[in-house]
Amino acid sequence: YASIPIKSTNKTDISGPLLKYGKSTLTVESYGNLKQLMTAIEENRKMVQMMKRYTSDDDITSATTYYTYVKQIIGAFPVSEEKPVGISVKWYDINGKNGVSTYNLNYELGSVMFCLGALHSQAAYGYISVHTCCIL
């Protein structure tokens with residue numbers, strides 16, 4: 001059995017570009033709501049960014065929560081190109097050597113989905129390793 005390593009990413013400013021865009025396009029109330037929500041999104045991305053391997057189901061919950069946030073951002077804002085929002089993300093392959101930078105937040109979504117699969121494979125590997133004695 002094998003587990004899949006997690007992709008890695010670097011620090012990315014999601015709030016700045018979204019808030020700048022939102023300030024010119026949203027109502028005052030909607031902008032206030034976005035500003036409040038961005039703190040939670042940035043904190044959650046930081047947790048995903050710091051993940052190196054599965055340690056508990058909380059890792060899967062954090063990655064799933066961030067995935068949901070990114071999906072909502074993609075649905076609400078034009079974040080598939082550099083303009084008008086301009087959020088640049090960079091993810092590295094599982095070896096941490098080759099990185100891809102893009103302004104398309106769909107790549108962020110796909111990378112987080114990959115990490116979710118990797119976390120589940122690591123959780124399963126840990127479960128199998130612990131319970132193998134009972135199977136034999």
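**Exercise 1. Find the residues of H1 that are buried, and state what covers them.**

Step 1. In this predicted model, the buried residues of helix H1 are Ser15, Pro17, Leu18, Leu19 and Gly22.

Step 2. The cover over these buried residues of H1 includes H2 and H3.

Step 3. For contrast, take Lys20, which also lies in helix H1. Lys20 has a relative accessible area of 69%, so it is exposed. An exposed residue has over 50% relative accessible area.

Step 4. Lys20 and Tyr31 are eleven residues apart along the chain, and their C-alpha atoms are separated by 9.7 Å.

**Exercise 2. Describe how H1 packs against H2.**

Step 1. Two packed helices are described by the angle between their axes and the distance between the axes.

Step 2. For H1 and H2 the angle is about 175°, and the axes are 10 Å apart.

Step 3. Because of this angle, H1 is roughly antiparallel to H2; the cut-off for that class is over 145 degrees.

Step 4. On the H1 side the contact uses Ser15, Leu18, Leu19, Gly22 and Lys23, and on the H2 side Tyr31, Leu34, Lys35, Met38 and Glu42.

Step 5. Sorted by class, the contact of H1 with H2 has five nonpolar, two polar and three charged residues.

**Exercise 3. Do the same for H2 and H3, and add the handedness of the crossing.**

Step 1. Helix H2 covers residues 28-50 and helix H3 residues 57-76; their axes come within 9 Å and cross at roughly 130°.

Step 2. This angle is why H2 is oblique to H3.

Step 3. H2 and H3 make a left-handed crossing.

Step 4. H2 contributes Leu37, Ala40, Ile41, Asn44, Arg45, Met47 and Val48 to the contact, while H3 contributes Ser62, Ala63, Thr65, Tyr66, Tyr69 and Ile73.

Step 5. By class, the residues of this contact of H2 with H3 are nine nonpolar, three polar and one charged.

Step 6. A further residue to place is Thr68, which lies in helix H3. Its relative accessible area is 36%, so Thr68 is partly exposed. The C-alpha atoms of Thr68 and Asn33 are separated by 17 Å, with their positions 35 residues apart along the chain.

**Exercise 4. Identify the residues of the largest nonpolar core that touch the most other members, and trace the contacts of Ile73.**

Step 1. The largest nonpolar core has 30 residues, of which Leu18, Ile73, Val79 and Ile87 touch the most other members.

Step 2. Helix H1 (15-25), H2, H3, strand S2 (89-92) and helix H4 (105-135) each give two or more residues to this core.

Step 3. With residues up to four places away in sequence left out, Ile73 touches Ile14, Leu18, Ile41, Val79 and Leu105. Among these partners, Leu18 is one of the buried residues of H1, and Ile41 is one of the H2 residues in the contact with H3.

**Exercise 5. Decide whether Trp91 and Ile6 are buried or exposed, and list the contacts of Ile6.**

Step 1. The cut-off for buried is under 20% relative accessible area.

Step 2. Trp91 is in strand S2. Its relative accessibility is 1%, so Trp91 counts as buried. From C-alpha to C-alpha, Trp91 and Asn106 are 12 Å apart, and in sequence they are 15 residues apart.

Step 3. Ile6 belongs to the segment before strand S1 (8-9). Its relative accessibility is 10%, so Ile6 also counts as buried.

Step 4. Apart from its neighbours within four places in sequence, Ile6 is in contact with Met51, Lys52, Arg53, Tyr54, Ile94, Cys115, Ala118, Leu119 and Gln122.

Step 5. Ile6 and Ser24 are 18 residues apart along the chain, yet their C-alpha atoms are separated by 37 Å.

**Exercise 6. Locate the cis peptide bond and summarise the protein as a whole.**

Step 1. The cis peptide bond joins Lys83 and Pro84, with omega about 5°. Pro84 is in the loop between H3 and S2.

Step 2. The protein has four helices and three strands, in the order β-α-α-α-β-β-α along the sequence.

Step 3. Along the principal axes, the C-alpha atoms fill a box of roughly 65 × 30 × 20 Å.

Step 4. Of the 136 residues, 33% are buried.

Step 5. Taking contacts between residues at least 6 apart in sequence, 68% join residues at least 24 apart.

How values were computed. Residues are numbered from 1 along each chain as its sequence is written. This is a predicted model: local features need pLDDT of at least 70, side-chain atom pairs count only at pLDDT 80 or more; totals for chains, interfaces and linings use all residues. Side-chain values use heavy atoms; hydrogens and water are left out. Axes are lines fitted to C-alpha atoms, for helices over the stretch in contact, and angles run from 0 to 180 degrees between N-to-C directions. Angles under 35 degrees count as roughly parallel, over 145 as roughly antiparallel, 65 to 115 as roughly perpendicular and the rest as oblique. A crossing is left-handed if the near helix is turned anticlockwise from the far one by less than a right angle, and right-handed if clockwise. Contact means heavy atoms within 4.5 Å. Ala, Val, Leu, Ile, Met, Phe, Trp, Tyr, Cys and Pro count as nonpolar, Asp, Glu, Lys and Arg as charged, and the others, Gly among them, as polar. A nonpolar core is a set of buried Ala, Val, Leu, Ile, Met, Phe, Trp, Tyr and Cys residues joined through side-chain atoms within 4.5 Å. Buried means under 20% relative accessible area, exposed over 50%, partly exposed in between (1.4 Å probe, protein chains only).
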